[in-house]
Amino acid sequence: MGRIALLPDEVASQVAAGEVVERPASVVKELVENSLDAGATRIEIAIARGGASLVRVVDNGFGMDRDDALLSLERHATSKIRTGNDLANIHTLGFRGEALPSIASVSRFRLATRPNDAIEGTEILVNGGKIDSVRACGEAPGTLVEAKHLFYNLPARRKFLRTENTEASHVQHQLMLQALGHPEVGFVLLRDQAVIFQLPPTRSLATRISDLRGDQIMKQVVEIEPTTVDGISIRGFLGKAGVSRPTRAEQIMFVNGRAVDNLTIQHALREGYHTALMKGQYPLVFLFLDLDPADVDVNVHPAKREVRFRNPDVIRQSLAETVRKTLDSDRGNWSRAFASPRSSPLLDVADFAPSPPVASSARAESVAPLVPLVEQFALRKDWHEFSQPQQKEDGLASPQIYRSETAIPVSHGSKTEAHSTRIPPDGRETPSSEFRLLGVLGKLYILMENEEGLVLVDQHAAHERILFERLRRETETAGVPCQRLLIPIVLRLPPKDHDWLLLNAPSLQKMGFSVEPFGESTLKIDGIPQFLRIEDPANTIRQLVDELRSLTSSTSRLRLGEDVIAKTVCRYAVKANDQLHAAEIGQLVKDLLACELPYCCPHGRPTMIQIGYSELEKKFGRKV
Ligand code: ADP
Ligand code: MG
C-alpha cells in the first residue's frame with residue numbers, strides 16, 4: 001500500500017486555518033474584510049471573552065443566496081477572482097477563498113445571509129468543518145457570521161491564546177485599522193456586551209481618526225497635501241516633526257485600502273523624516289497609498305498583511321519626498337501656533353532690557369513669581385557689535401559663546417550675508433517677537449513665555465538645529481569649505497565603490513571632501529570638510545559610501561551627508577553649561593525660529609516644549 005493519502009477536507013481546512021486564523025483578531029479581520037467587499041455601510045462586531053468564546057460580525061452588505069452561501073464554505077471558493085490573471089489585478093480585500101472554510105473548520109460556526117431582494121435568507125450551521133444544518137431564515141438583508149469556541153477542536157492551538165484582555169486588544173487594534181481604512185463605513189464594537197466604540201460613517205478621515213483616537217491626536221499630526229506622483233496617490237496624516245512613538249503600533253499604512261506592513265514604506269518614512277525623527281523611535285502616521293493594483297502583489301502571505309511593490313524605488317522616492325514636503329509645510333503652522341495675538345513684542349532683541357512682563361491681566365497671577373528671573377539679565381553693551389554679521393575669521397576664539405553667524409569656522413566674508421538676510425535685523429518680523437524671555441534654568445533651558453504659557457528651549461538642541469541647517473544650506477549651495485590635508489589619504493576600494501565614489505565626486509566636493517582618482521581601484525582624498533574634526537578620514541569615507549550607496553533616490557541625493565553634518569554639529573553647539581547672555585539668547589531663539597524645522601534638533605529630539613496655562617492650572621489644582 002502506498003504511504004501517501006489525500007487529507008480529508010476538514011483536516012486540509014484545519015491545516016490551512018493554521019495560517020489564516022491565528023487568533024480571534026484574525027477571525028475578525030477576515031470577516032470584516034468580507035463585509036467590506038460585500039459593500040456594507042454598517043458593520044457590527046461583537047466578541048465575548050476576548051473573542052475566544054464568540055466572534056460575531058453582522059453587516060448590511062449584499063448577502064448571498066442559498067447556493068452561494070453553501071459554496072462560500074468550500075475551500076478555494078470565491079466570487080472575487082476567476083482566473084490566474086485576475087491575481088495581477090485585485091480590487092477586493094479577499095481573493096483566496098479560504099477564510100470562511102478555515103474559520104468554520106476550527107469553531108462552531110453559523111452563517112445567516114440574505115440578499116437584498118430575496119424574500120428569505122439562508123442559515124447554515126457548521127461544526128468543526130462539518131455542515132450540521134441548512135435552513136431558511138428570516139434575517140435582515142446582509143450577512144451574519146458567528147464563530148463560537150474558537151479552536152475547541154484543536155486544544156493545542158487553543159492553548160496558545162493569550163489572556164482575554166490581550167486577545168481583545170488585538171481585536172480592537174484590527175478594527176481600528178479597518179475603521180481607519182474605511183471612514184465611510186459605520187462600525188460598532190461590543191465586548192462582552194459593552195460598547196467599546198461606535199463610529200458613525202463619515203467622509204472625513206480626520207473625523208474618523210479623532211473619533212477613534214481622541215481630538216488630541218489631531219494636534220500632533222499634519223495633513224499630507226494629497227498628491228499623485230508617478231501614478232501613486234498619497235494622502236493621510238503624518239506626525240509632526242519631533243513627534244514620535246516608541247513602537248510601530250501607530251505607524252498605520254494602507255495600500256489600496258488594505259492595512260499593510262511594508263519595509264519599503266518604512267524606509268521611505270525614515271528617509272522622509274530623517275532628522276525630524278528621534279533615533280530608535282517610530283513616526284506616527286496614517287498613510288494611504290493608492291496605485292494600480294497591477295503594481296502591487298498582495299498574494300505574498302495568507303494573512304495578506306504583506307505586499308510587494310513592482311517598483312519599490314519609485315514608491316520610496318515619491319513617498320520620502322512627500323513626507324519631507326509635508327513636514328516643511330507644517331513649519332508655518334507651528335509658528336502660528338506659538339504666536340500670540342498680543343501686539344507688544346515680548347522678546348525684542350534689538351532693545352531688550354529687563355522690564356516686568358507685560359502679562360495680560362488674566363494671566364498676571366500665574367506669571368508673577370517669575371519676574372525676579374528677568375532682572376538677572378543685563379543688556380550687553382556690545383550687543384550691536386555681535387548682532388551684525390561677523391566679518392572676523394577667527395570666530396571660535398571670540399569670547400561670545402553663541403553668535404548667529406560664526407560659531408563654526410565655515411562661512412567666510414560675503415558668504416555669511418546670504419544667511420543673515422534670512423533673519424530680519426530688528427527681529428520684529430520673526431515669530432520670536434511673540435516671546436518674552438524670562439530666564440535660564442539649570443544653565444540649559446531657556447525659559448520664555450508666550451500667549452499660551454511657558455515655553456522651554458533646550459539651548460544645546462536649538463543651536464544644533466541652527467548649525468545643522470546652515471551647514472546643509474552651504475552644502476547645497478556654495479559648498480562647504482574644504483580643508484587640505486598635509487598628507488593625503490590613499491584609499492583602496494572595491495571596484496563598485498570606487499566607481500560610485502568617482503561618479504559622486506562633485507557631490508562630495510560640495511560636502512568638503514576632495515576626492516581624486518589615484519590609479520586602479522584607488523582614490524586619493526586630499527581634503528576634508530573644514531567643519532569636521534574627523535579623526536579617521538578613511539573610515540569616515542568608507543562609512544559614508546556605505547550609507548550613501550544604500551540610498552538610491554534623488555531625495556537621498558539631496559540628503560547627501562546630512563548625517564555627517566548632524567553628527568558633527570553636536571560638538572560645536574553651545575553646551576548645557578555654557579552661560580549665554582540675554583542678547584545671545586535672543587539671537588539664538590530668533591535663529592531657531594528662522595530654521596526650516598525649528599522644533600527638533602537634527603537627532604529628532606525636541607528643541608522647544610510648551611507648557612500651557614491649562615496644564616499649569618491643573619498642576620496647581622486651580623482646575624481639574
Ligand atoms: P474570499 O474573501 O477570499 O473570496 P472567503 O472564504 O472569505 O474568501 O469568502 C468566500 C466567498 O463568500 C466570498 O468570495 C464572497 O463571495 C462570499 N462572502 C463571504 N462573506 C460575505 C459577506 N459578508 N457578504 C457577502 N458575501 C460574502
Ligand atoms: Mg474573505
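This is a short tour of the empty spaces and two helix pairs in a predicted model.

**Stop 1: the largest cavity**

Before selecting anything, it helps to know what to look for: rolling a probe the size of a water molecule over the atoms shows where empty space is left. Searching the whole structure turns up four cavities of 30 Å³ or more. Head for the largest cavity, which holds about 70 Å³ of space.

To frame it, select K29, E33, L93, Q174, L177, Q178, H182, F254, G257, R258 and A259, which make up its lining. Now colour by element: α2 (24-37), α6 (164-181) and β13 (258-260) each give two or more residues to this lining. Which of them gives the largest share of the lining? That's α6, with three residues. Switch to colouring by residue class and you'll get four nonpolar, four polar and three charged residues around the largest cavity.

Next, colour domain 1 (9-199) and domain 2 (220-336) separately. Both give residues to the lining, so the largest cavity lies between the two domains.

**Stop 2: α6 and its partner**

Keep α6 selected and add helix α7 (residues 205-213). The two pack with their axes 9 Å apart, at an angle of about 160°. With over 145° counting as roughly antiparallel, α6 and α7 are therefore roughly antiparallel to each other. Turn the view until one helix sits in front of the other, and check the hand: α6 and α7 make a right-handed crossing.

**Stop 3: the second largest pocket**

Go back to α2, then show the second largest pocket, where there is about 690 Å³ of space. Its lining has 35 residues, so many that a good way in is through the ones closest to the centre of the pocket: N34, M64, S72, S79 and K80. Then bring up the elements that give two or more residues to this lining, namely α2, β2 (54-59), α3 (66-71), α4 (99-105) and β6 (142-148). Here α2 gives the most, five residues. So α2 is worth leaving on screen: α2 also gives two or more residues to the lining of the largest cavity. By class, the lining of the second largest pocket splits into 16 nonpolar, 10 polar and nine charged residues.

**Stop 4: a second helix pair**

Finally, select helix α15 (residues 459-476) together with helix α21 (residues 582-593). Their axes are 9 Å apart and the packing angle is about 50°, which makes α15 oblique to α21. What is the hand of the crossing as α15 passes α21? This crossing is left-handed, whereas that of α6 and α7 is right-handed.

Methods. Residues are numbered from 1 along each chain as its sequence is written. Chains are lettered from A and ligands numbered from 1 in the order in which they are written. This is a predicted model: local features need pLDDT of at least 70, side-chain atom pairs count only at pLDDT 80 or more; totals for chains, interfaces and linings use all residues. Side-chain values use heavy atoms; hydrogens and water are left out. On a 1 Å grid over the protein atoms alone, a cavity is a set of points where a 1.4 Å probe fits but cannot get out, and a pocket is an open set with protein on both sides within 12 Å along at least five of seven lines; lining residues have an atom within 4 Å of a point. Grid points are joined across faces, edges and corners, and a volume is the space filled by probe spheres set on the points. Helices (H or I, at least four residues) and strands (E, at least two) are DSSP runs, numbered from the N terminus. Ala, Val, Leu, Ile, Met, Phe, Trp, Tyr, Cys and Pro count as nonpolar, Asp, Glu, Lys and Arg as charged, and the others, Gly among them, as polar. Domain bounds come from an automatic or database domain assignment. Axes are lines fitted to C-alpha atoms, for helices over the stretch in contact, and angles run from 0 to 180 degrees between N-to-C directions. Angles under 35 degrees count as roughly parallel, over 145 as roughly antiparallel, 65 to 115 as roughly perpendicular and the rest as oblique. A crossing is left-handed if the near helix is turned anticlockwise from the far one by less than a right angle, and right-handed if clockwise.
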